[in-house]
Amino acid sequence: MSKATRWLIGGAAVALGGGLLALAYARGREPQDVRLDRYTVESDRPGLPAAGLTILHLSDFHFRAGGALQARKIARLFDLLRDERYDVLALTGDLIHDWAGLPAALDLIRHLRPARGAFFCPGNHDYAEYSVWGVFGHTWHEGDDVTARRDTRPLLARGLDAAQRIGDFVLKVARNDLVRLPVAFNDMAALRTALADCGVETLINAAAPLRIGETDIWFAGVDDLLEGHPDLPAALHGVPADAPLLLLAHNPDVWLDPDVRRADLILSGHTHGGQIRLPLLGAAHTQGTHLTRQQPAGWFTRDGQRMFVIRGLGESIPLRFGVHPQAALIRWLPRTETG
């Protein structure tokens with residue numbers, strides 16, 4: 001064996017070993033390493049209490065039926081929040097990855113203790129379960145009759161169609177376009193009832209006031225952009241023009257709607273911060289939003305208005321690399337005059 005061949009084999013072995021270590025880290029370590037970040041946001045809108053309002057923002061649990069890694073993630077979050085005090089719990093969707101994950105999500109929510117209230121807006125995974133089988137157009141939404149879904153075309157025709165669907169899927173991921181692969185649809189009415197039993201108010205194209213002292217702080221929520229029927233004017237209807245307003249929207253593309261400028265603060269999720277962040281490229285995928293690969297999460301500012309896109313707690317695929325799961329405590333204060 002020549003020296004060059006030995007070097008080639010050695011290099012390949014090192015690369016393979018490094019790749020396996022990175023995969024093991026992305027699968028077993030980083031997804032459970034939840035970070036709790038603290039932020040302070042000032043608002044020019046009159047009406048906020050002088051002491052402000054502290055909001056615990058959680059999103060994108062993507063809970064499944066269970067598992068040791070998910071249990072460690074929940075334990076880590078509880079440990080981080082043990083001595084924290086917050087006024088409002090804000091949940092911006094994707095509590096579940098599939099319906100079997102609902103008990104875990106509800107159990108977590110029951111153990112949280114906001115002092116004044118809790119609000120939820122739905123994400124696409126709260127409406128639908130997704131799978132790679134969706135690449136082939138498979139969806140249980142078409143009915144329960146198996147024969148009605150059976151493809152009777154010749155094998156070659158089915159194979160060519162499958163190849164085209166896979167090619168379209170790969171191109172969408174490469175272009176950072178929207179990828180939608182639903183295979184089952186959840187019972188949103190049951191989810192809303194379960195959340196109400198936990199003291200959480202669901203806001204779907206609706207708003208609700210939270211009375212603090214002599215002032216109403218308004219919270220609005222808009223429906224999911226992918227699986228719901230978003231209606232931002234309806235969500236903002238009835239909110240007094242001069243009232244402080246915080247908007248919950250699972251998908252940060254709500255930032256593109258002109259009507260969103262009424263909100264003083266917007267909380268979103270959905271992108272998972274890209275979930276996998278690569279050198280030079282940035283986020284591998286931003287879930288088809290207008291956000292760039294270089295900034296798929298964090299703070300966005302426009303004419304004094306602020307939007308925060310959280311990295312979330314869970315994963316759509318069970319990997320995180322360079323994008324730690326995140327919970328956030330946001331202190332919302334009236335702006336102080338500076339001399």
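Two strands are taken as paired if DSSP finds at least two bridges between them. In this predicted model, strands β3 (residues 88-91) and β4 (residues 117-120) clear that bar, pairing in the parallel sense over 4 bridges. One residue pair to look up here is A90 with its bridge partner in β4, F119.

These two strands belong to an open sheet of 6 strands, with mixed pairing and the order β1-β16-β2-β3-β4-β7. The edges are taken by β1 (35-43) and β7 (201-202); each has a single partner strand, so one side of each is left without a neighbour in the sheet. Helix α2 (residues 68-81) lies across β1, β2 (53-58) and β16 (326-334), and runs at about 50° to β1.

On to the nonpolar cores. The largest one has 34 residues, and the members touching the most others are L58, F61, L91, L95 and I109. Two or more residues come from each of β2, α2, β3, α3, β4, α7 and β16, with α3 giving the most, 6 residues. Helix α3 spans residues 102-110, and its buried residues include L102, A104, A105, L106, L108 and I109. The buried residues of this helix pack against β2, α2, β3 and α7 (188-197). For I109, setting aside neighbours within four places in sequence, the contacts are F61, L89, L91, L95, L195, C198 and V200. Apart from this core lies another, of 24 residues, with A90, F119, A208 and I310 among them. The bridge partners A90 and F119 thus turn up again as members of that second core.

The aromatic side chains come next. The structure holds 5 aromatic pairs. One of them joins Y39 and F308, with 5.1 Å centre to centre and 50° between the planes, a tilted arrangement. Y39 sits in strand β1 and F308 in strand β15 (residues 305-309), so the pair ties together parts that are 269 residues apart in sequence. As for burial, Y39 comes out as partly exposed, at 23% relative accessibility, while F308 is buried, at 1%. Buried means under 20% relative accessible area, so the 23% of Y39 leaves this residue in the partly exposed class. Ring pairs also bring in W299, linking Y39, W299 and F308 into a cluster.

F61 and F63 make up another tilted pair, because their ring centres are 5.1 Å apart and their planes meet at 45°. Both rings belong to buried residues: F61 has a relative accessibility of 1%, and F63 has a relative accessible area of 2%. F61 is also one of the residues that touch the most other members of the largest nonpolar core. Elsewhere, an aromatic ring meets a charge: R302 lies over the face of W255, at 3.9 Å from the ring centre.

Last comes a loop residue. D242 lies in the loop between α8 (232-236) and β10 (245-249), and counts as exposed at 55% relative accessibility. Even so, D242 has partners from elsewhere in the sequence: leaving aside neighbours within four places, the residue is in contact with R45, P46 and R262. D242 and G47 are 195 residues apart in sequence, yet their C-alpha atoms are 8.3 Å apart in space.

Note on methods:
Residues are numbered from 1 along each chain as its sequence is written. This is a predicted model: local features need pLDDT of at least 70, side-chain atom pairs count only at pLDDT 80 or more; totals for chains, interfaces and linings use all residues. Side-chain values use heavy atoms; hydrogens and water are left out. Contact means heavy atoms within 4.5 Å. Axes are lines fitted to C-alpha atoms, for helices over the stretch in contact, and angles run from 0 to 180 degrees between N-to-C directions. Rings of Phe, Tyr and Trp (its six-membered ring) pair if their centres lie within 6.5 Å; planes under 30 degrees apart count as stacked, over 60 as edge-to-face and the rest as tilted. Buried means under 20% relative accessible area, exposed over 50%, partly exposed in between (1.4 Å probe, protein chains only). A charge sits over a ring if NZ of Lys or CZ of Arg is within 6 Å of the ring centre and within 35 degrees of the ring normal. A nonpolar core is a set of buried Ala, Val, Leu, Ile, Met, Phe, Trp, Tyr and Cys residues joined through side-chain atoms within 4.5 Å.
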